[in-house]
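The following paragraphs lead a new reader through one protein model. They begin with a single pairing of strands and widen step by step to the whole chain.

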Amino acid sequence: MGSAPVVVHRPSQSGGRRVTLHRHGRDEILGLAHSDHDLVVFLEAAGVINPDRVLDDPRWVEWRGRRPHQWSAA
C-alpha cells in the first residue's frame, strides 16, 4: 500500500475534519470529526481494531492540512 488507508482532511471553515477510508479500491467518507473521540468512533464503526492505537501511526492515518489532533480551522 502506497499511503495510509485513513485520511483526516484539513479542517473545514466551520470546524471539524472530513475523514475518509480507502478500501475495496475506493474512498469512503466516514464523517466529519470534531475530536479524537469522533475519529475513534468512525474507525471503530468501519471495523478498525483498536482504533485509538492507530491515530498516530502514519501507516494507518494521514493527517492533512493541519497538525494531528487539531480540529478547528484557526
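In this predicted model, strand E4, made up of residues 61–63, runs parallel to strand E1, and three bridges join the two. Within this pairing, Val7 has Glu62 of E4 as its bridge partner. Strand E1 itself covers residues 6–11, and five of its six residues are buried, so the rest of the structure largely encloses this strand.

E1 also pairs with strand E2, which spans residues 17–23; here the sense is antiparallel and the bridges number four. Pro11 is matched with Arg17 of E2 as its bridge partner. The hairpin formed by E1 and E2 has five residues between the strands, and in it Gly15 adopts a positive phi near 100°.

These pairings belong to a wider arrangement. The sheet is open and consists of four strands in the order E3-E2-E1-E4, with mixed pairing. Strand E3, residues 26–33, and E4 occupy the edges and have a single partner strand each, so one side of each lacks a neighbour in the sheet. On average, and ignoring direction, neighbouring strands of the sheet are turned by 20° against each other. As a general matter, side chains in a regular strand alternate between the two faces of the sheet.

What lies across the strands E1, E2, E3 and E4? It is helix H1, residues 36–45, which runs at about 140° to E3. With this helix included, the protein chain contains one helix and four strands, and along the sequence they follow the pattern β-β-β-α-β.

The next topic is the interior. The largest nonpolar core has 17 residues, of which Val19, Leu30, Leu39 and Leu43 touch the most other members. Two or more residues come from each of the elements E1, E2, E3, H1 and E4. H1 gives the most to this core, contributing four residues. In soluble globular proteins generally, nonpolar side chains tend to be buried together. Val19 offers a detailed example: when residues up to four places away in sequence are not counted, its contacts include Val6, Val7 and His9, as well as Ile29, Leu30, Leu39 and Phe42. Glu28 is also among the residues that Val19 touches.

Glu28 leads to the charged side chains. How many salt bridges does a search of the whole structure find? The search finds three. In one of them, Glu28 is joined to Arg23, with the closest N and O atoms 3.0 Å apart. Glu28 is partly exposed, having a relative accessible area of 21%, and Arg23 is likewise partly exposed, at 27%.

Another salt bridge links the side chains of Arg59 and Asp57, with an N to O distance of 2.8 Å. Arg59 is exposed, with a relative accessible area of 65%, whereas Asp57 is buried, with a value of 16%. There is also a salt bridge between the side chains of Glu62 and Arg64, at 2.8 Å from N to O. Glu62, already met as the bridge partner of Val7, is partly exposed, with a relative accessible area of 27%. Arg64 is partly exposed too, with a relative accessible area of 37%.

Attention now turns to a loop. His34 is located between E3 and H1, and its relative accessible area of 45% makes it partly exposed. Although His34 and Gly16 are 18 residues apart along the chain, their C-alpha atoms are separated by 4.3 Å. Which residues does His34 contact, once its neighbours within four places in sequence are left aside? They are Gly15, Gly16 and Trp71. Gly15 is the residue that takes the positive phi in the hairpin of E1 and E2.

Finally, the chain may be considered as a whole. A compact globule of 74 residues would have a radius of gyration near 11 Å, and the value for this protein chain, 11 Å, agrees with that. Along its principal axes, the C-alpha trace spans about 35 × 20 × 20 Å. Of the 74 residues, 39% count as buried. Among contacts between residues at least 6 apart in sequence, 40% join residues at least 24 apart. The parallel pairing of E1 with E4 was the starting point of this account, and E1 also has an antiparallel partner in E2.

Definitions and conventions
Residues are numbered from 1 along each chain as its sequence is written. This is a predicted model: local features need pLDDT of at least 70, side-chain atom pairs count only at pLDDT 80 or more; totals for chains, interfaces and linings use all residues. Side-chain values use heavy atoms; hydrogens and water are left out. Buried means under 20% relative accessible area, exposed over 50%, partly exposed in between (1.4 Å probe, protein chains only). Two strands pair if DSSP finds at least two bridges between them. Axes are lines fitted to C-alpha atoms, for helices over the stretch in contact, and angles run from 0 to 180 degrees between N-to-C directions. Contact means heavy atoms within 4.5 Å. A salt bridge is a side-chain nitrogen of Lys or Arg within 4 Å of a carboxyl oxygen of Asp or Glu. A nonpolar core is a set of buried Ala, Val, Leu, Ile, Met, Phe, Trp, Tyr and Cys residues joined through side-chain atoms within 4.5 Å. The radius of gyration is taken over C-alpha atoms; the globule rule is 2.2 Å times the number of residues to the power 0.38.
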